[in-house]
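This briefing covers the strand arrangement of one structure and the surroundings of its ligand. Please have the sequence and the 3D view open while reading.

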Amino acid sequence: MNNEIIIPKHVGIIMDGNGRWAQERGLARTVGHKTAIATLKELCIYMADLGVKYASLYAFSTENFKRDSKEVDFIMNLFIKVFNKEFDFIKEKKIKVLFSGRREPLPSNVLKAMDKIVEETKNNTELVLNICLNYGSHAEIVDTTKKLCNMYKNGEIKIEDINDEFIQKNLYHDLPPLDFVIRTSGEMRLSNFMMFQASYAEFYFPKVYFPDFTKEEFDKAIEIFNNRDRRFGGIK
Ligand code: IPE
Ligand code: IPE
Ligand code: MG
């Protein structure tokens with residue numbers, strides 16, 4: 001890619017289609033989740049190299065607990081394995097890991113692996129990887145509202161302090177707005193992903209399932225982003 005290309009500062013990826021990727025190959029859905037890890041690794045390295053500053057990855061929604069407990073357990077164990085073992089490149093690329101989402105009802109061994117990777121990467125200065133795990137935009141708005149009510153009750157804030165910027169700062173993390181949201185697998189919905197942060201994001205819905213979302217697919221996405229006309233409510 002040449003220098004004239006604009007790299008979005010904050011990219012959101014709804015990593016969808018793992019189950020269908022596997023089922024279409026006559027494999028168990030869990031194979032799709034496992035295969036997605038290799039794709040994710042390649043993508044994170046590529047985003048770091050391209051100079052993406054923030055990447056928010058939708059890994060597990062608050063609603064995903066509705067799934068068969070066997071699939072949920074498999075995904076939870078995969079998280080533990082990945083956070084503990086397979087993320088050497090995170091340290092190498094100086095990637096800083098954050099998590100967004102509710103801790104309840106995540107199993108304690110998952111929480112432990114999450115806390116460990118956050119602690120180990122907290123001083124890293126390159127790509128910020130915000131992993132949305134047991135995340136829901138509604139839950140985030142509810143939790144933020146409760147936090148602000150408590151701050152008000154304790155006399156820490158006045159009603160007049162509440163504005164756009166203040167709300168952004170008090171979400172799970174103070175991240176810049178999303179510039180670009182990519183959802184793989186052709187579904188065209190947010191499924192409770194970062195609604196506040198995505199207010200002026202550009203959206204792209206490639207047909208490929210997440211395990212097939214390679215660097216080349218990311219290049220296509222960036223090209224599409226570069227052809228969008230962002231106006232933010234103004235007139236050009
Ligand atoms: C995304 O793939 C991964 C998670 C939601 C955890 P899916 O498991 O939703 O795969 P499809 O959409 O059923 O193909
Ligand atoms: C959204 O995908 C959540 C993640 C990718 C983690 P889903 O597969 O859960 O969304 P729906 O059910 O198709 O809307
Ligand atoms: Mg899905």
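The notes below take the sheet, then the helix across it, then the ligand.

The model is predicted. Its six strands form an open sheet with parallel pairing. Ligand 1 is surrounded by 13 residues, and the protein buries 87% of the 380 Å² that ligand 1 exposes when taken alone.

**Sheet**

- The strand order is E3-E4-E2-E1-E5-E6, and the sheet is open.
- Strand E3 (96–100) and strand E6 (202–204) are at the edges; each has a single partner strand, so one side of each has no neighbour in the sheet.
- From one strand to the next, the twist averages 20°.
- Strand E5 (residues 180–183) pairs with E6 in the parallel sense over three bridges.
- Phe180 is placed opposite Glu202, a residue of E6.

**Helix across the sheet**

- Helix H2 (residues 29–50) lies across three strands: E1 (10–14), E2 (54–61) and E4 (128–135).
- Relative to E2, helix H2 runs at about 160°.

**Ligand 1**

- The closest of the surrounding residues are Asp16, Gly19, Arg20, Arg29 and Arg67.
- Arg20 contributes a polar backbone atom, which is 2.7 Å from an oxygen atom of ligand 1.
- Arg29 contributes from its side chain, where an N or O atom is 2.9 Å from an oxygen atom of ligand 1.
- Arg67 also has a side-chain contact: one of its polar side-chain atoms is 2.7 Å from an oxygen atom of ligand 1.

Notes:
Residues numbered from 1 in each chain as written. Chains lettered and ligands numbered in written order. Predicted model: local features only at pLDDT ≥ 70, side-chain atom pairs only at ≥ 80, totals over all residues. Heavy atoms only, no water. Pairing = 2+ DSSP bridges. Helix = DSSP H or I, 4+ residues; strand = E, 2+ residues; numbered from the N terminus. Axes fitted to C-alpha atoms, helices over the stretch in contact; angles between N-to-C directions. Contact = heavy atoms within 4.5 Å. Near = heavy atom within 4 Å. Polar contact = N/O pair within 3.5 Å; in protein donor to acceptor, adjacent residues only side chain to side chain. Areas by Shrake-Rupley, 256 points an atom, 1.4 Å probe, with all protein chains shown as cover.
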